[in-house]
Amino acid sequence: GRLAAGEWDSAARITEFTVLGTGHSAAEPMEAHVTWDDERLYLAFRCAQTGRPKAEARERDGPVFEDDAVEFFLQPDPQTARYFQFVGNSAGVFLDGEGLDAKWNGDWQYRAEVGDGYWQGEISVTWASLGMAPPKDGQVVGFNVCRDRVTPGRELSSWAPVAGGFHDPNHFGELVFAATGASTREEVAPAAGPEPVRVRLIVDWKAIGLDPSRVRLTAPHIMHFQPRAAFRPDEEIPIEPSKGWLLVLENR
């Protein structure tokens with residue numbers, strides 16, 4: 001759970017994260033690292049953090065995504081919809097699943113550490129638990145790294161420019177395995193498709209007796225309809241053509 005100096009120098013490094021649905025740079029920087037051997041995939045990350053990160057989930061497969069958390073997505077075959085998700089918080093607690101099914105459990109090792117102005121973690125998972133043979137030189141898999149930041153304010157950001165939510169394998173980036181040579185990171189353009197329409201809700205908060213600074217709009221996960229998401233009252237909400245959101249207003 002502690003990134004030692006020089007330990008990840010030979011791994012691929014990912015540094016550019018944008019806010020979900022906007023394309024704007026994330027408010028606080030994050031970097032991630034990826035490497036591998038014949039037995040496991042290895043991942044590491046470090047997030048700049050204002051204030052102590054929230055870490056209320058204490059059990060595996062609990063609501064870790066409601067904490068300050070980092071998410072990794074791996075799609076063994078980019079030509080199919082099958083993918084795996086890992087979500088870890090700063091207390092070393094994680095959720096893992098196959099697609100939206102959190103009942104699936106993989107062979108993960110995860111440790112995290114909180115420091116002054118940052119938190120970080122290291123993760124590994126066996127290829128066997130992902131149903132994969134060790135990658136061949138040049139093999140490509142779908143991949144994404146995302147961040148759930150809730151402290152000091154809510155912000156969702158990702159490396160690959162997904163649309164609507166993190167569970168969007170059609171817009172994952174690509175991870176290319178190389179047996180030799182320097183690690184590289186390439187920007188991968190998202191698959192062509194209609195741009196989402198961005199809307200803002202107009203609410204008479206005084207009429208319904210609520211303080212908008214204490215309100216959050218949440219989208220519960222609904223299988224085959226929408227991913228889990230959260231929005232501020234004044235935030236633009238991306239809506240893909242022919243789709244929509246079922247939103248719940250929460251007064252905190």
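## Exposure classes

A residue is buried under 20% relative accessible area, exposed over 50%, and partly exposed in between. D107 has a relative accessible area of 36%, so this residue is partly exposed. The model discussed here is predicted.

## Salt bridges overall

The structure holds 7 salt bridges. Three of them are taken up below, followed by a network and a surface patch.

## R149 and E28

R149 pairs with E28 in a salt bridge. Their closest N and O atoms are 3.8 Å apart. R149 sits in strand β10, residues 140-149. E28 sits in the loop between β2 (18-19) and β3 (30-36). The two parts are 121 residues apart in sequence, so the salt bridge ties together separate stretches of the chain.

Both partners fall under the 20% limit for burial. R149 has a relative accessible area of 8% and is buried. E28 is buried as well, at 11% relative accessibility.

## D107 and R40

The side chains of D107 and R40 form a salt bridge, with an N to O distance of 3.5 Å. This pair also links distant parts of the chain. D107 belongs to the loop between β7 (94-98) and β8 (108-115). R40 belongs to strand β4, residues 40-48. The partners are 67 residues apart.

What is the relative accessibility of R40? The value is 9%, and R40 counts as buried. D107, in contrast, is partly exposed.

## E98 and R82

E98 forms a salt bridge with R82. The closest N and O atoms are 3.1 Å apart. E98 lies in strand β7. R82 lies in the loop between β5 (69-75) and β6 (84-89). The pair links distant parts of the chain, 16 residues apart.

Is E98 buried or partly exposed? E98 is partly exposed, at 30% relative accessibility. R82 is partly exposed too, at 36%.

## A shared network

Which residues are joined into one network by salt bridges that share partners? They are E28, R147, R149 and E155. The R149 and E28 pair described above is therefore part of a wider set of contacts, because salt bridges with shared partners join these residues.

## A nonpolar surface patch

L201, V203, I208 and L249 make a nonpolar surface patch. Its area is about 300 Å².

I208 is one of the contributors. This residue lies in the loop between β13 (197-199) and β14 (215-219). I208 has a relative accessible area of 46% and is partly exposed. That value is over the 30% required of patch residues, so I208 meets the accessibility condition.

Methods:
Residues numbered from 1 in each chain as written. Predicted model: local features only at pLDDT ≥ 70, side-chain atom pairs only at ≥ 80, totals over all residues. Heavy atoms only, no water. Salt bridge = Lys/Arg side-chain N within 4 Å of Asp/Glu carboxyl O. Helix = DSSP H or I, 4+ residues; strand = E, 2+ residues; numbered from the N terminus. Buried < 20%, exposed > 50% of the residue type's maximum accessible area, 1.4 Å probe, protein only. Patch = residues over 30% accessible without salt bridge, like charges linked within 9 Å, V, L, I, M, F, W, Y side chains within 5 Å. Areas by Shrake-Rupley, 256 points an atom, 1.4 Å probe, with all protein chains shown as cover.
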